[in-house]
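Okay, thanks for having me, everyone. I'd like to walk you through one protein chain and its biggest pocket, so have a look at this.

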Amino acid sequence: MRPDEVPARSAPLFEGQHKAVYVVDERGRYFIARSGGTEAEVSVTEDAVSWFARLAAAARERARRGETSPLEVHMYRQRMDLPTLAQATGFWRWQVRRHLRPAVFARLRARSLARYAEALGLSAAQLRSLD
């Protein structure tokens, strides 16, 4: 990519952050330039964010009805899926799936809640609530 081909557009979704891209100057040397992302990257990211927002809204409704735990809501709010949350916490996938059941989640030990809270960037009290 040449320096004049670097996308300068900054999407509001990226909150002012840029990514580094390698650029070749006229002498053939590589250097790093700041990019706001291409149209395709911005579009795909916006689609993924809206998909997670829809999942979080659906999980919130299920949690209000008592069909799932608040853990599922917070997982989707933080743009994680079950395998990602399992990897971030060190729990097995089947354990995370089990912890999504309200009765099991209500009995979780403080140490397990702390692992989830750390992975999701929340306090244990926030993790237990739907807000």
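I'll start with the overall fold, then go to the core, and finish at the pocket. Keep in mind that this is a predicted model.

So, the layout. The protein chain has seven helices and two strands. If you read along the sequence, both strands come before the helices, in the pattern β-β-α-α-α-α-α-α-α. We have 131 residues here, and buried ones make up 34% of them. The chain exposes about 8600 Å², with carbon and sulfur atoms supplying 52% of that area. As for contacts, take the ones between residues at least 6 apart in sequence: 45% of those join residues at least 24 apart.

Now the core. In soluble globular proteins, nonpolar side chains tend to be buried together. In this chain, the largest nonpolar core has 23 residues. Which residues have the most contacts inside it? Those are L71, L85, V96, Y116 and L127. The elements giving two or more residues to this core are α1, which is 39-64, α2 at 70-77, α3 at 82-89, and α6.

Let's pick V96 from that list. Not counting residues up to four places away in sequence, V96 touches L82, L85, A86, T89, F91 and Y116. Hold on to F91, since we'll meet that residue again.

On to the pocket. Rolling a probe the size of a water molecule over the atoms shows where empty space is left. The largest pocket comes out at a volume of about 170 Å³. What lines it? The lining is F91, R98, H99, V104, R107, L108, R109, R111, S112 and R115. By class, that's three nonpolar, two polar and five charged residues. Two helices, α4 at 93-99 and α6 at 110-120, each supply at least two lining residues, and α6 gives the most, with three.

One lining residue I'd like to look at is H99, which lies in helix α4. Is H99 buried or exposed? Its relative accessible area is 7%, and the cut-off for buried is under 20%, so H99 counts as buried. What's around it? Leaving aside neighbours within four places in sequence, H99 is in contact with S69, L71, F91, V104, F105, L108 and Y116.

Look at that list again. F91, V104 and L108 are in the pocket lining, while L71 and Y116 are among the core residues with the most contacts. So H99 touches residues from both groups.

That's my tour, and I'm happy to go back to any of it.

Terms used:
Residues are numbered from 1 along each chain as its sequence is written. This is a predicted model: local features need pLDDT of at least 70, side-chain atom pairs count only at pLDDT 80 or more; totals for chains, interfaces and linings use all residues. Side-chain values use heavy atoms; hydrogens and water are left out. On a 1 Å grid over the protein atoms alone, a cavity is a set of points where a 1.4 Å probe fits but cannot get out, and a pocket is an open set with protein on both sides within 12 Å along at least five of seven lines; lining residues have an atom within 4 Å of a point. Grid points are joined across faces, edges and corners, and a volume is the space filled by probe spheres set on the points. Helices (H or I, at least four residues) and strands (E, at least two) are DSSP runs, numbered from the N terminus. Ala, Val, Leu, Ile, Met, Phe, Trp, Tyr, Cys and Pro count as nonpolar, Asp, Glu, Lys and Arg as charged, and the others, Gly among them, as polar. A nonpolar core is a set of buried Ala, Val, Leu, Ile, Met, Phe, Trp, Tyr and Cys residues joined through side-chain atoms within 4.5 Å. Buried means under 20% relative accessible area, exposed over 50%, partly exposed in between (1.4 Å probe, protein chains only). Contact means heavy atoms within 4.5 Å. Accessible areas come from the Shrake-Rupley method with a 1.4 Å probe; for residues, only the protein chains shown count as cover.
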